[in-house]
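Subject: Handing over a structure

Dear colleague,

I am passing on to you the structure shown below, which is a predicted model. Please look through it first; my notes on its sheets and helices follow.

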Amino acid sequence: MKYIDVCDKGQGGFAKVVVVKHVETGRLYAKKIYSPQQNIINAVGDEHLKKRFKREVRYQSSLNHPNIAPILEHFLDDEPPYFIMPLAEETLQDELSADSTLGGDPRSALFDILAGLEILHSEGFVHRDLKPANVLKFQGETKTYYALSDFGLITGIDSESSTLTGSNDSGGTPNYAAPELIHNFKAATPLADIYSFGAILHDIFGNGTKRLPYTELSVPGALGRIVTKCTKKLARRRYPSVIELREDLYDVLNTAVIVFNSSSEEDVVNLLRNNSSLNDEQWDSVFLQLESNVNKSISCANIFSAITEPHINELYENAPELLAALGEYFSDYITNGTFNFDYCDVLASRAQVFYNLGGIQLKAKIAIGLLVLGTSHNRWYVERKFVSMADTTIPDNLANRIKVELEVQGIDFKGHIDHLTRSIGVSRAVLHPILQPLSGVS
């Protein structure tokens, strides 16, 4: 036997958790055992639930990301089936019960949740039961981080999953569940998780205000519009993606006063902030300001903070040559800058847009920019973005272009990859074969 039971940790609707000790190493882990409550068995049936438990374990095992709690081993042929995962320090619910403001700075928890949701949605899954009790807090070697867990309700988008209760109520938690889940659990889309995130924001910033389940929410101050947009009753009026939600949330939670480098820069930033679409003359003023800042070795941070995805999409549609130019300015900016930890995620999401729309030269520069940004700031989310842009699935011509850019820019590729493999545990073998020799693979 690999593990011996130490003590009970808790019981949920579908499983119980036991703290176990590995016989050889003495390390403690969490053992999650299939153990649904009797009323749920009566409503749905034991065999159906057991099959679902096993399926969800396999789903969660397929998701390799620091902000999704990993399944280390599973024993699905045992009776009852169970799996092993790292033992968390506590849940976000535990923290909120002790201090609803998380010490006045909840940014680490919130941005980690969003990073987990983004990978979940990108892989075609919806959590459907996102709540503080299902967000685990772990202590890593260098920092504390949060990961999504309790995937007993996770579903593939467009799956045939039904409710888990066998009634008209959803299997989710009413205080966090989106209105569309009340009668039809199959209606879950990523927008249902956006609603749940808005409810978590309400927990933190709502000053203890009670709420009715399945309703539109708000909180005082600047965050009010974000919480309201997350929790719109009509799903399509919510944030369409984690990316847009993250950018808005970052802007509100990081409200440092902007110091402009010149009156012309202030004009350009205000122009961008007040208009999602610019005419040719207005875009000319943006590029002239970027060129002026670069030539004077002045940061372009204020300008890039005001450039949004709609701006980038507009250039792609109307002036692709300008998209390439803007993207190169942006890649230089993220390669050479120093940024707030949470802002790295915002920059990486914006870089992804440039990468998706750009030609081979821009893709190469963006990939390298994210490598340097991620490793220099030790930001897992960014590092994983780079891996997806330089792995074995990219075409040979893009890999060759990345190789050329690394040489031209004098980037210590091996050094950055050394850091990346330590940081997120990715093997060099995932890199495109053309890039592997540069990374240290012989």
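In this predicted model, three strands form an open sheet in the order E6-E8-E9, and their pairing is antiparallel. The edges of this sheet are taken by strand E6 (90–91) and strand E9 (144–148), each of which has a single partner strand, so one side of each is left without a neighbour in the sheet.

Within this sheet, the antiparallel pairing of E6 with strand E8 (residues 135–139) rests on two bridges, and Thr91 is found opposite Leu136 in E8. On the other side of the pairing scheme, E8 and E9 run antiparallel and are joined by five bridges; as one example, Phe138 has Tyr145 in E9 as its bridge partner. The connection from E8 to E9 is a hairpin, made through four residues.

Although E9 is an edge strand, four of its five residues are buried, so E9 is largely enclosed by the rest of the structure. Helix H4 (residues 107–122) lies across both E8 and E9, and the helix runs at about 40° to E9.

H4 also packs against another helix, and you may want to follow that contact next. The axes of H4 and helix H7 (residues 242–253) come within 10 Å of each other and cross at roughly 170°, which means that H4 is roughly antiparallel to H7, since angles over 145 degrees are counted in that way. H4 contributes Arg107, Leu110, Phe111, Leu114, Ala115, Leu117, Glu118 and His121 to this contact, while H7 contributes Val242, Ile243, Leu245, Arg246, Leu249, Tyr250 and Leu253. Sorted by character, the residues of the contact between H4 and H7 comprise eleven nonpolar, one polar and three charged.

A further open sheet has five strands, arranged in the order E1-E2-E3-E5-E4, again with antiparallel pairing. Here strand E1 (3–11) and strand E4 (73–75) stand at the edges, and each has a single partner strand, so one side of each lacks a neighbour in the sheet. If direction is ignored, neighbouring strands of this sheet are turned by 30° against each other on average.

Inside the five-stranded sheet, strand E2 (residues 15–22) and strand E3 (residues 28–34) pair in the antiparallel sense over seven bridges, and Val17 stands opposite Lys32 in E3. Helix H2 (residues 46–61) lies across E2, E3, E4 and strand E5 (82–86), and this helix runs at about 145° to E3.

The last contact I looked at is again one between two helices. Helix H11 (residues 309–318) packs with helix H13 (residues 343–357) at an angle of about 15°, and their axes are 10 Å apart; because angles under 35 degrees count as roughly parallel, H11 is described as roughly parallel to H13. The crossing of these two helices, H11 and H13, is right-handed. From H11, the residues Glu309, Ile312, Asn313 and Tyr316 meet Arg350, Val353, Phe354 and Leu357 in H13. The residues in this contact of H11 with H13 divide into five nonpolar, one polar and two charged.

With best regards

Terms used
Residues numbered from 1 in each chain as written. Predicted model: local features only at pLDDT ≥ 70, side-chain atom pairs only at ≥ 80, totals over all residues. Heavy atoms only, no water. Axes fitted to C-alpha atoms, helices over the stretch in contact; angles between N-to-C directions. Parallel < 35°, antiparallel > 145°, perpendicular 65-115°, else oblique. Left-handed = near helix turned anticlockwise from the far one by under 90°. Contact = heavy atoms within 4.5 Å. Nonpolar A, V, L, I, M, F, W, Y, C, P; charged D, E, K, R; others polar. Pairing = 2+ DSSP bridges. Buried < 20%, exposed > 50% of the residue type's maximum accessible area, 1.4 Å probe, protein only.
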